[in-house]
Structures are given as C-alpha cells and as structure tokens.
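Please open the model in your viewer and keep the selection tool at hand; the stops below follow one another along the chain and then across it.

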Amino acid sequence: MSYEYQKLQHRAEVAEHEIKLIEDKLHYLRTELSKNIDDVELPSHTSVAGLPDELAQLITENIKLKMRLGVLKRAAEDEGKSGKRKVEFQEPVAGSSILSALQKYFEAAINRAYPDLPDAPVVVAVSGKFGDYQCNSAMPIAQLLKAKGEKSNPREVAQKLMDAVPPFSWVQKLDIAGPGFINITLNRSIGHKALNEIVLNGVKPPVVDRKLTIVCDFPSPNIAKDLHVGHLRASIIGESTCRLLEFLGHNVLRISHLGDWGTQFGMLIAHLQDKFPDYETKSPPIGDLQMFYKESKKRFDEDEVFKKRAYESVVKLQSYDPVYQKAWKLICDVSKKEFQKVFERLDVKAEDVGESFYQSRMEQVVKDLEEKGLLEDDDGRKVMFGRADRIPFTIVKSDGGFTYDTSDMATIQYRINELKAEWIIYVVDAGQSTHFEVLEACAVKAGIMDPEKVRLDHVQFGVVLGEDKKKFKTRSGETVKLVALLDEGLKRAGDKLKERGRDEALTAEEFKIAQEAIAYGCIKYADLSHNRVHEYVFSFDKMLEDKGNTAVYLLYMLTRIRSIARLAGHTPESLKEAAKSTPISLDHEKEWNLAKVLLRFTETLEKIARDLYLHHLCEYLYEVSTAFSEFYDSCYCVEKDAAGTIKKIHIGRLLLCEATAMIMEQCFSILSIRTVSKM
C-alpha cells in the first residue's frame, strides 16, 4: 500500500470527521432556531441569504466538505488500484442500492467525458421535486476546469455528462435544470423487479465489499450494581447496531465487558465472609446486591480494620486463592442472573467477558510497553501518552496495581491479535470520548493497532433527561433502576390498551404479546429515533402516543397493512404464489411514490453502516409509513359494495402492501422491536 494512498485515506477520514462535527452543529442550530434542516440545507447554487450567518456558513462549508470527501475517497480508491480509474459500468442486480448504482453510473460518464480530470467529484442525491434523484457534479467540475485554464460553464458540463452516460435500464430519462443540475427519473420497471423479488424471496441486504469480523462492546455493566437508565441506552443502541451489521452479513462478536475486577471486590468478599460465613457450603440469600454493595462500601469508608482486610482480600483474589475465587464467582453469578433477567426482556444478547479475563494479558501488555520504552514515570505511576494534547493513560498505579486503562489496552490487543477483529465498536456514553481517543492513539503508538487494517468507532450517546430537562432520576434523587423503568412501561402500555378496549377484543395471550411489544418497543424507539449524540427527554406519555413518529403508531400501521390481505382472504404464502404471475401495481402516482421509498431501503442501510446513526432508520421507517398512508387513501386494494361484500380485489396492490410490510418488519427487526399481528 503506497504512502500516497495512506495520505489520501487519512485526509478522507479527517474530512469525514469535520463533516460529522458540522452536521452535529447544524442539528443544534436547527433545534435552537426551530427550523427544518431540509428547508435550509440548500443546493450549492441556491442563495443562503436571510439565514443566520453562522448557519449559512456551516451549510456552505458542509457542502464543500462533502464534495472534498468524495474527491478524496475516489482518489484513494484509484491510488489503491495502481492509479487506474474505473471506467466500465456494469448494471447492478435488482434490489441493489439505487444511490450507489447512480454514483457508479455518473462516475463512468465523468471518466468518459473528462478522462484527464481524475479528481472530478460524483455528487448524487435523492430529489423529491424535479426528479427522483439529482446529479450535482457539473458545478464542481466546471470549477476544476476553470482552475486548469479551460473555459466551460456548468450547463455545458452537464450536457457533456448526459452525452457520455452508459446504457442503464434503471434510468428512464435525464434532463438539465438550472445551472447544470441533472435530474434523474427512474424507470418503473426497476420497481417491478426489485419489489417482486422481495415478495418472492424476502428482504435482502445490500451487498458489502467484504465481510468483516466485528467486535461490538456493550452494555458492559459493573458487577454488584443495578442496571440503570445509562445501561438502557448502551443496550438498545448496541443491540440494534449488532443486528444491522449481522443483517449485512458481517461476523459480529457481541461482548459485554463486565466490571468484575478491582478493589471493590476486596470489600465485597470481606463483607460476604462476615455476613454469610458458611457461603462456601450454602448459597447465601443475596437478593439485593446493590444494598449489599452499599453496606460493604460504608464499612470500607468507616472501618480501618475492615478496609485493611478488603485490601488483603484483593491481593488474595488476584493471586487466585481458591477460597477468594469462589466468593468472587458467587457474587458475579448472582449479579449476572439479575442482569440476564433485564436483558431477556429487552432481547439483548452479548457474551460476558469481564476485566478479570485480561489479568494475565495486562501483565504482558505492561511488559511489552516497558520494552518498547513507551512508559514514563509520573510520581511513581507508569503512564503512556498516546496524544500530546490529551491526558496520558495510567498503565501502572504507584502501588503497582492496574487500572481501567491497562485493562482496555489488554482488551484491544486481545481483540485484534486473538479474535482477529477488523472493526471494533465501543457503545459507551459520550463522557468517555477522550478515553477512547487516547486508547486508539496508544494502541496505534504501541503497534497493537494498524488504522489501515482495523477500524475503531466509539458509538457515543448523550444522557437521558427527565421531563424537567435535568438528568433522569427518581424523586428522591437516585438513579432510576432499569427494571423499575421497564415495569412502569409495561403497566402504562397495558393501561393504554385497556383504554381502547383491547383487553376485550384480544385473547389474554394476544393482549400480553401486544402489551410487551408496545412497552419495550416504545422505549427502544424513543431512544433510537433521536440522534444518539444528543440528550433526549424520557416521557412515557410521548412514547405511547399513537400519532407521529412513534413505535405505537408504526406498529399499528404494520398491523393495519397486514389486516388488508387478511380481509381479502390472502396470506403471505398465497401472495408469494400470486407474485409469480401478477406484476406489482405501480401505475398510480401514489403507488410509484411508495415504491420509490421502499427502493431506498438498501441505501439507507449503507448510510447507517458508514456512520452508525440508527435514527436514520427510524426516519426511513416513518417515511415508509407516511408514503403508505398516502397510497392507501388514494388507491383501493379491496373494493366493496354498499352491503360490505367484496366485489373486487386488486392483487397488484396487495403485493405492494406485502412488500411494504416485509420491509417494515425488517426495519423493526434491526431496531430490535417485536411486531404483533393484532393490537
């Protein structure tokens, strides 16, 4: 891999980071100004006059950065392919990402029209006004030509690109608008092919270039402490992230990095020995580990004799004394069982691999870092600087003990060297962002991680706020227990269903299924539908609303879609059989509008796989629901006479309903939200 390629890749990563920062700031300004970003994030030819200066400047800078990012990525790809630009265009299979296909389509056109312009950007975006998609490459190409001393204007460039596009059956027509924008109208035949394929063979993921081994680190609670609302976010975001990457075909290792090692276990073991001296032969009735932890902590803080015993217990534990190991394992097992009860309710799955697992590996890491001369003495501590502008990692404490920093260095080395991870994801709150920046820098500096071969992402998230806009706590000021939160959600969901008389319309089993789906689904969706880096207000009232972008509304919409086919006497199996001979109906404008939204499923997943922001999928799911409502209001699927007798069934439209339901169900599956047949 050439040095030039590495430079280009690095510059692309920097550009991506800058874009992310700007988009976060744009989101903040949008909130402050009560504006919709779609109304202000204008095409590059449009004036931003009248907008606040900071917002206008950010929008302009964001557009430029996105163009520059496209240039850098293509240049890196070209350099990686020994400088040869890809010119040939191959028509993709039905169901592939339309956006990706159009980008390759126009890349081929640019290469044909301007073979001596290697940095020409390919800018294609969804368009809802003048076409289905739009290519906005003409203006930046004209600027590049001008810089080379060649006279041309964007409209001439656009015409030259249109003349150079290769054959592509997905495109019905191209036309130029304004100063060089190429509007793209899709051929409805691609809708017929792609949606028919879904009904016949199920919803398929977009094709990935390479299937990776991915380690996703979540929810990672601490032994002997209750799960709280912070673990809720890590659990929900981590589970959905894993489901997305698994759907894309990657090998995902879900690992919960338990806090099961350290000084606190000395005091827990000492307290256990005092309170339940027969623990070795009789399992102690520890029902409330949080209270048990508080009792031991109080003794540790107030009793010097107990504190000394606690420290001695830590030494014996970390020397693998069998008596202390048994006490430690007993405490861990009790805690894990309590965790598992909650995680099962949330459908969260991860393998417990605690800090204790890395004890011997920590010793080796310290030895390796010392041999490489990377540790510095700091008042008896051994520290390592990954970045000069960040605090150092404390690798060895002054008393010779290890820290979380040591553990994380051993962990990342294990994951890369032994698990062969090619992508490591940490789902941890935003307060740890500096820690993970330093971790990556130290891992690279120590030669543990090669950023060209291993991708590392800190999927950070903001805090959960109460309706008073302060950190979410109980009335007494304590952290909200996760189990109590889930119980409350279950109660409220049940009450909501009873208000509507669903307890009378559904069987007891159907009611229980619907209650759990709504309770846990609304909590998950409320979290995932927000940009994860921002705070959000936790409100059961808003979560359980049956209008707008909520889980209740979307689950209701799905059950409504499924009921249409049942009303017509059809099942998914019979519709699958019908799809073999009947085309999906896309003649009506609203039918085609719905189909175009459904066709964006793959490109939506591709976007999320790049940035790991799951709220894009929630926005897409709501867009599907909105498009379906407009279709259903305008297009009869089942026609009845005045007496309510069915007189005509539009099979082509039922097939469109089936494709919609299947895509919605796949979205819900990725979001880890259970669906129901009746609500």
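Select serine 672 to begin: just after H25, this residue takes a positive phi of about 60°. The model is a predicted one, in which local features need pLDDT of at least 70, side-chain atom pairs count only at pLDDT 80 or more, and totals for chains, interfaces and linings use all residues. Residues are numbered from 1 along each chain as its sequence is written, and side-chain values use heavy atoms, with hydrogens and water left out.

Next, select H25 itself, residues 651-670, bearing in mind that helices are DSSP runs of H or I with at least four residues, numbered from the N terminus. Its 20 residues should span 28 Å at 1.5 Å a residue (1.5 Å times one less than the number of residues), and this agrees with the 29 Å between its end C-alpha atoms. Of these 20 residues, 17 are buried (under 20% relative accessible area, with a 1.4 Å probe and protein chains only), so H25 is largely enclosed by the rest of the structure.

Now add H8, residues 229-247, whose axis comes within 8 Å of that of H25 and crosses it at roughly 130°; axes here are lines fitted to C-alpha atoms, for helices over the stretch in contact, and angles run from 0 to 180 degrees between N-to-C directions. The two helices are therefore oblique to each other, a class left over once angles under 35 degrees are called roughly parallel, over 145 roughly antiparallel and 65 to 115 roughly perpendicular. At the contact (heavy atoms within 4.5 Å), Ser240, Arg243, Leu244 and Phe247 of H8 meet Gln666, Ser669 and Ile670 of H25.

Finally, move to serine 625 in helix H24, residues 615-634, which is buried with a relative accessible area of 0%. Beyond its neighbours within four places in sequence, serine 625 is in contact with Tyr553, Leu554 and Met557.

Notes: Buried means under 20% relative accessible area, exposed over 50%, partly exposed in between (1.4 Å probe, protein chains only).
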